Amino acid sequence: ETVAAATGADLFELVPSDPYTGADLNYNDNNSRVVYEHNHPEAREVELVSVTPEDWESYDTVFIGYPIWWHTAPMIIGTFLESYDLTGIDIYPFTQSASMDTEQFENSMEFVRKSAGNGTVHDGLFVDESDTEAIDSYLENNRLIR
């Protein structure tokens with residue numbers, strides 16, 4: 001919401017067709033959905049409910065925000081990015097995690113770059129959501145402030 005407010009961006013939520021439950025997110029349960037997705041990232045078990053605008057081709061910039069799950073971006077991010085031809089689209093990832101581990105951030109950036117196909121993935125933003133000064137600085141440095 002902070003990025004959208006500063007840039008005038010439209011907000012869309014990535015919604016899985018089969019919503020996650022608390023049990024799905026149990027990293028300690030080898031039968032949970034998140035463990036399965038981690039062990040089978042190529043399976044793309046996550047399907048999306050339509051989340052994009054009808055005039056998708058009118059966008060030239062996409063901000064994609066996500067939490068770090070199991071040391072990388074959630075599989076739903078890969079599903080979204082792989083679902084569209086992103087040629088000519090500038091992609092600006094942003095994320096945070098409980099540990100704020102930069103290696104996990106780099107893992108997520110590698111995943112986003114791989115999933116984005118021909119999209120141009122710019123350096124991402126990895127700061128706590130309350131660090132509005134860092135968010136504003138990132139947006140200003142990338143000439144994204146409205």
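**Salt bridges, cores and helix α5**

Arg113 is partly exposed, its relative accessible area being 37%. In this predicted model, Arg113 forms a salt bridge with Asp123, with the closest N and O atoms 3.6 Å apart. Arg113 belongs to helix α4, whereas Asp123 sits in the loop between β5 (120-121) and β6, so the pair ties together parts that are 10 residues apart in sequence. Asp123 has 60% relative accessibility and therefore counts as exposed.

The salt bridges number three. Asp18, Arg33 and Glu37 are linked in a network. Within this network, Arg33 meets Asp18 with the closest N and O atoms at 3.8 Å. That pair links distant parts of the chain, 15 residues apart: Arg33 is in helix α2 (residues 33-39), and Asp18 is in the loop between β1 (15-16) and α2. The salt bridge between the side chains of Arg33 and Glu37 has an N to O distance of 3.5 Å. Both of these residues lie in α2, four residues apart, or about one turn of the helix. Arg33 and Glu37 are both buried; for Arg33 the relative accessibility is 15%, and buried means under 20%, so Arg33 falls in that class.

Strands β3 and β4 pair in the parallel sense over seven bridges, and Ile91 in β4 is the bridge partner of Val62. Together with α3, the two strands make a right-handed β-α-β unit. Side chains alternate along β3: Val62, Ile64 and Tyr66 point to one face and are buried, while Thr61, Phe63, Gly65 and Pro67 point to the other and are not buried.

The largest nonpolar core comprises 21 residues, and those with the most contacts inside it are Tyr66, Ile77, Leu81, Leu86 and Ile91. Two or more residues of this core come from each of β3, α3 (75-82) and α4 (102-115). The most are given by α3, with five residues. Beyond its neighbours within four places in sequence, Leu81 is in contact with Ile64, Leu86, Ile91, Val112, Ser115 and Ala116. Apart from this core lies another, of nine residues, including Ala6, Val127, Tyr138 and Leu139.

Helix α5 (residues 132-141) has Ile135, Tyr138 and Leu139 as its buried residues. Seen down the helix axis, these fall within an arc of 95 degrees, so they line one face of α5. Their cover includes α1 (2-7), β3 (61-67), β4 (90-96) and β6 (125-126). The face turned away from the buried side carries the exposed residues Glu133, Glu140 and Asn141. Arg143, which follows α5, has a positive phi near 55 degrees.

Terms used
Residues numbered from 1 in each chain as written. Predicted model: local features only at pLDDT ≥ 70, side-chain atom pairs only at ≥ 80, totals over all residues. Heavy atoms only, no water. Buried < 20%, exposed > 50% of the residue type's maximum accessible area, 1.4 Å probe, protein only. Arc of directions from axis to C-beta. Contact = heavy atoms within 4.5 Å. Core = buried A, V, L, I, M, F, W, Y, C linked by side-chain atoms within 4.5 Å. Pairing = 2+ DSSP bridges. Right-handed = clockwise from strand over helix to strand, strands pointing away. Salt bridge = Lys/Arg side-chain N within 4 Å of Asp/Glu carboxyl O.
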